[in-house]
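I opened the model and kept notes as I went. The entries follow in the order I looked things up.

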Amino acid sequence: MDRLLTMRVFQTVAEEGSFAAAARALDLSPPGVTRLVADLEQHLGTRLLQRTTRKLALTDAGEAYLQRVRAILHEIEDAEAAAVASTRDLRGTVRVLAAPVLATHFLAPMVAQWHVRFPRLLLDILVDPFPSSRVDEFDVTFMAAGEDYDANIVARPMIQGEAIVIAAPHYLHRMGLPTEPAHLQNHEYLRDSGQVSRTTNGAARKLRLQPAQGSGPAQEVEMEVVLHCVSTDVLLRAAVDGMGVAVMSRLLAAPFLASGALVHVLPDWIFSRYTVYAALPSRRMMPARTKVFVDFVSEYSQRLMVGRQGA
């Protein structure tokens with residue numbers, strides 16, 4: 001029995017959720033995939049997958065084995081990458097996890113440049129609104145976190161920014177331009193429901209702002225929420241269309257502010273400061289392919305910051 005092949009097949013079946021999908025991903029026949037997993041279970045003397053007519057589920061033994069298999073296969077890939085003498089000849093796959101807004105507006109604009117520079121390194125990008133709990137499953141995870149972020153992970157900062165209040169000019173013409181936070185109580189709020197889920201007190205109607213400069217007290221305003229959505233793109237489009245007031249990354253809003261499609265409301269106040277991190281799994285060695293990707297993203301991030309400085 002080819003132990004490494006059966007490990008790879010088992011991992012793929014677990015990740016794809018079916019023998020047929022794993023067979024397509026591995027370019028093997030479905031009966032061949034089924035046989036290899038059965039051989040592995042017989043070799044181990046335990047059932048790894050619970051089979052039903054509708055789906056596959058990992059047993060407790062399967063969950064534990066999958067974690068070990070992932071680590072072993074990562075180490076093998078790392079050893080192969082380290083053996084490559086020239087960065088130009090690096091090959092393989094970089095498995096990336098990112099929050100949706102970062103995948104769309106941060107990673108997507110750079111992938112064509114990445115392919116030109118490293119044509120043999122494939123990016124496999126998965127999107128998850130809450131990626132922080134899955135860092136160990138991927139080569140690199142991109143996520144944004146506030147100033148109070150204190151997770152026990154290996155993380156490299158990429159960019160820093162601020163979340164500001166924005167609205168469309170025609171909305172402000174209709175509803176009035178706020179000159180202080182308290183004026184927002186008469187406005188309609190486009191609320192990030194991801195923020196709601198992370199709020200301990202459940203104050204979904206309240207918008208809390210802090211001074212952009214200095215250390216003055218924050219102000220909290222209760223507003224009428226007219227839209228809840230976890231998608232930043234949906235909130236951005238609704239704001240541009242004049243539906244209400246939204247909180248948005250200054251970097252993301254910059255092109256719309258420059259074109260006049262959006263207005264920076266209450267420029268002396270911000271919602272928060274944040275950092276975009278490249279989080280790495282807690283393994284001893286960073287694979288060469290991951291290192292060149294993280295370095296590439298860091299270089300791109302610096303150009304992005306310079307290009308939008310002062311926006």
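I count two residues as in contact when heavy atoms lie within 4.5 Å. The model is predicted, and I keep that in mind throughout.

**Entry: the whole chain**

I began with the chain as a whole. Its secondary structure comes to 11 helices and 14 strands. Of its 311 residues, 41% count as buried. I then looked at contacts between residues at least 6 apart in sequence, and 74% of these join residues at least 24 apart. For the surface I noted about 16600 Å² exposed by the chain, with 51% of it supplied by carbon and sulfur atoms.

**Entry: the nonpolar core**

Which residues have the most contacts inside the largest nonpolar core? I found F106, V140, F142 and F293, in a core of 30 residues. Next I listed the elements that give two or more residues to this core: strand 3 (92-98), helix 5 (100-107), strand 4 (121-127), strand 5 (140-146), strand 6 (154-167), strand 14 (272-280) and helix 11. Helix 11 gives the most, with seven residues. I wrote one general remark beside this: in soluble globular proteins, nonpolar side chains tend to be buried together.

I then picked F106 and left aside its neighbours within four places in sequence. F106 is in contact with V101, F142, M158, I159, V276, V297, Y300, S301 and L304.

**Entry: S298**

I stayed with helix 11, which covers residues 288-307 and holds S298. Is S298 buried or exposed? S298 has a relative accessible area of 15%, so it is buried, the cut-off for buried being under 20%. Leaving aside neighbours within four places in sequence, I found S298 in contact with R156 and M158. M158 is also on the contact list of F106.

**Entry: a small sheet**

I looked up an open sheet of three strands, which has the order 9-8-13 and antiparallel pairing. Its edge strands are strand 9 (219-222) and strand 13 (269-270), each of which pairs on one side only. How many bridges join strand 8 to strand 13? I found two, between strand 8 (residues 206-211) and strand 13, and these strands run antiparallel. Q210 stands opposite I270 in strand 13.

**Entry: two positive phi values**

I noted L266 next, in the loop between strand 12 (263-265) and strand 13. Phi of L266 is near 55 degrees, a positive value in a residue other than glycine. L266 counts as buried because its relative accessible area is 4%, and buried means under 20%.

D27 also has a positive phi, about 60 degrees, and is not a glycine. I placed D27 in the loop between helix 2 (19-26) and helix 3 (30-44). Why does D27 count as exposed? Its relative accessibility is 70%, and exposed means over 50%. So of these two loop residues, I have L266 down as buried and D27 as exposed.

**Entry: a surface patch**

Last, I looked for nonpolar residues at the surface. L5, L26 and L28 make a nonpolar surface patch of about 200 Å². I located L5 in helix 1 (residues 3-16). L5 has a relative accessible area of 34%, so I entered it as partly exposed. That class lies between the cut-offs for buried, under 20%, and exposed, over 50%.

Technical notes: Residues numbered from 1 in each chain as written. Predicted model: local features only at pLDDT ≥ 70, side-chain atom pairs only at ≥ 80, totals over all residues. Heavy atoms only, no water. Helix = DSSP H or I, 4+ residues; strand = E, 2+ residues; numbered from the N terminus. Buried < 20%, exposed > 50% of the residue type's maximum accessible area, 1.4 Å probe, protein only. Patch = residues over 30% accessible without salt bridge, like charges linked within 9 Å, V, L, I, M, F, W, Y side chains within 5 Å. Areas by Shrake-Rupley, 256 points an atom, 1.4 Å probe, with all protein chains shown as cover. Salt bridge = Lys/Arg side-chain N within 4 Å of Asp/Glu carboxyl O. Core = buried A, V, L, I, M, F, W, Y, C linked by side-chain atoms within 4.5 Å. Pairing = 2+ DSSP bridges.
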